[in-house]
Amino acid sequence: MSTYEQTAAQQREASPRTHRPGSDGEHQVQQRMGTAERADRFYADQVLDRLNPRMAEFVARQEMFFLATADRHGECDNTFRAGPPGFLHVLDDATLAYPEYRGNGVHASLGNIEENPHVGLLMVDFLRDRIGLHVNGRARVVDDDEMRRAHPGPAVDPVPGRRALVWVEVAVEEAYIHCAKHIPHLQKVPRNGSGRPWGTDDFRRKGGDFFGAAAEAPERGPFLPPPRADATAWRAEAEKLLARAERPAAAADTGAHAEGAAGARKFRGWFSGSTTVG
C-alpha cells in the first residue's frame with residue numbers, strides 16, 4: 001500500500017473533527033480578511049491538543065520561553081523564563097511543568113494564574129532550527145515537594161538561584177508551530193566570567209537602572225501604597241465571593257444542600273479548582 005493510500009485509510013478510520021480552535025474574535029477577523037479557508041487548513045494540519053514526539057523533543061532542549069498570562073479582568077502580562085536545557089519539563093504528552101526561581105518578589109505571573117489559569121507559552125529556537133512552538137493551556141501552582149512526590153524526574157538543581165520556589169504545571173490544550181520566516185538566526189557568544197548570576201540581588205548584575213525608571217522616580221512623587229488588606233479578612237471575603245459565584249450552578253445540580261457544601265470549601269484560587277472540604 002502506498003503512503004497516500006495509508007494516509008487515506010487512516011483518515012477514513014479517524015473520527016471527524018468538528019471543533020474549530022481559537023477564539024470567536026479570530027474567526028470573525030478571518031471572515032473579514034478573507035482568510036477563513038487558509039486558517040481552517042492550519043487548524044486541521046498544525047493545531048494539536050497535545051505534544052507529539054517531535055514537539056516533546058523540542059521542548060526538552062529549550063533554555064527559554066515567553067509566558068503570557070492575564071488576571072480575572074483580562075489585564076495581560078508577558079514575561080520571560082529561562083534555565084538550563086530541560087528546565088521546562090515534559091511530564092507527559094499533555095503536561096508541562098517549569099520551576100519558578102527566586103526573582104524580584106512581585107510574582108505577577110503567579111498572581112495572574114491564581115486568578116485565571118489560562119496561559120500561553122512561546123518557545124523560539126533562534127540558534128539551531130529557527131522555528132517556534134506555541135503551547136496554550138491551563139496552569140496550576142504546585143509546591144516543590146508535591147511535584148517531586150508525583151514526578152521523581154526533576155533533580156534538585158545544585159545552583160541555589162535555580163532551586164524551585166514552586167512549580168507551574170500546565171495542562172496542554174493547544175500546541176502548534178510558529179512560522180520560521182521572520183525568526184532571526186542567532187548564535188551564542190562565548191561565556192565571560194562566572195556565567196549567569198542566578199538568584200543574585202546585586203543591582204548592577206540584575207541590569208541596574210538600564211531604562212532610567214528609578215532616576216525619574218522623584219518626578220513621579222513618593223510611592224505611598226495603601227495598607228494591605230488583612231490576610232484573614234481578605235480570604236474570608238474571597239470565600240464569600242467564590243461561594244456566591246458557585247451558588248447558582250450548585251443549586252441547580254443538588255438543591256439547597258449544595259449551598260452549604262459551597263460554603264464549606266476553602267478558597268485556594270479563583271479558577272484553580274483546588275478547593276478542599278474543610
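Student: Why does Asp77 count as partly exposed?

Tutor: This is a predicted model, and in it Asp77 has a relative accessibility of 25%. Buried means under 20% and exposed means over 50%, so 25% falls in between and Asp77 is partly exposed.

Student: Where does Asp77 sit, and what does Asp77 touch?

Tutor: Asp77 is part of strand β2. Leaving out residues up to four places away in sequence, Asp77 touches Leu67, Ala68, Thr69, Ala108, Ser109 and Asn112. Take Leu67 from that list: Asp77 and Leu67 are 10 residues apart in sequence, and their C-alpha atoms are 8.2 Å apart in space.

Student: Ser109 and Asn112 made me curious about α5. Which residues of α5 are buried, and what do they pack against?

Tutor: The buried ones in α5 are Ser109, Leu110, Asn112, Ile113 and Glu115. The buried residues of this helix pack against β1, β2, β4, β5, β6 and β7.

Student: What makes a group of residues a nonpolar core, and how many residues has the largest one here?

Tutor: The members must be buried residues of the nonpolar kinds, joined through side-chain atoms within 4.5 Å. The largest such core here has 24 residues, and Leu96, Leu121, Met123 and Val135 have the most contacts inside it. At least two residues of this core come from each of α4, β1, β4, α5, β5, β6 and β7. The largest share, five residues, is supplied by β7.

Student: Which other core lies apart from it?

Tutor: There is another core, of five residues, and Ala97, Met147, Ala164 and Trp167 are among them. In general, nonpolar side chains in soluble globular proteins tend to be buried together.

Student: Which residues does Met123 touch?

Tutor: Not counting residues up to four places away in sequence, the contacts of Met123 include Phe58, Val59, Met64, Phe65, Leu88, Ile131 and Val135.

Student: On to helices. Why is α2 called oblique to α3?

Tutor: Helix α2 (residues 24-33) and helix α3 (residues 36-46) pack at an angle of about 135 degrees, and their axes are 8 Å apart. Roughly antiparallel needs an angle over 145 degrees, and roughly perpendicular covers 65 to 115. The angle of about 135 degrees fits neither, so α2 is oblique to α3.

Student: Which residues of α2 and α3 meet?

Tutor: Glu26, His27, Gln30 and Gln31 of α2 meet Ala36, Ala39 and Tyr43 of α3. Sorted by class, the contact of α2 with α3 has three nonpolar, three polar and one charged residues.

Student: How many aromatic pairs are there, and why is the pair of Phe42 and Tyr176 called edge-to-face?

Tutor: The count comes to four aromatic pairs. For Phe42 and Tyr176, the ring centres are 6.0 Å apart, and a pair needs centres within 6.5 Å. Their planes stand at 85 degrees, and edge-to-face means over 60, so the name fits. This pair links distant parts of the chain, with Phe42 in helix α3 and Tyr176 in strand β7, 134 residues apart.

Student: How do you know whether Phe42 and Tyr176 are buried or exposed?

Tutor: Phe42 has 31% relative accessibility, between the 20% and 50% limits, so Phe42 counts as partly exposed. Tyr176 has 19%, which is under 20%, so Tyr176 counts as buried.

Student: What kind of pair do Phe66 and Phe80 form?

Tutor: Phe66 and Phe80 form a tilted pair, 5.7 Å centre to centre, with 55 degrees between the planes. Stacked would need under 30 degrees and edge-to-face over 60, so 55 degrees leaves tilted. Phe66 is in strand β1 and Phe80 in strand β2, 14 residues apart. Both rings belong to partly exposed residues: Phe66 has a relative accessible area of 29%, and Phe80 has 40% relative accessibility.

Student: What makes the phi of His107 worth pointing out?

Tutor: Most residues other than glycine have a negative phi. His107 is not a glycine, yet its phi is positive, about 60 degrees. His107 lies in the loop between β4 and α5. Arg130, in the loop between β5 and β6, also has a positive phi, near 50 degrees.

Notes
Residues are numbered from 1 along each chain as its sequence is written. This is a predicted model: local features need pLDDT of at least 70, side-chain atom pairs count only at pLDDT 80 or more; totals for chains, interfaces and linings use all residues. Side-chain values use heavy atoms; hydrogens and water are left out. Buried means under 20% relative accessible area, exposed over 50%, partly exposed in between (1.4 Å probe, protein chains only). Helices (H or I, at least four residues) and strands (E, at least two) are DSSP runs, numbered from the N terminus. Contact means heavy atoms within 4.5 Å. Axes are lines fitted to C-alpha atoms, for helices over the stretch in contact, and angles run from 0 to 180 degrees between N-to-C directions. Angles under 35 degrees count as roughly parallel, over 145 as roughly antiparallel, 65 to 115 as roughly perpendicular and the rest as oblique. Ala, Val, Leu, Ile, Met, Phe, Trp, Tyr, Cys and Pro count as nonpolar, Asp, Glu, Lys and Arg as charged, and the others, Gly among them, as polar.
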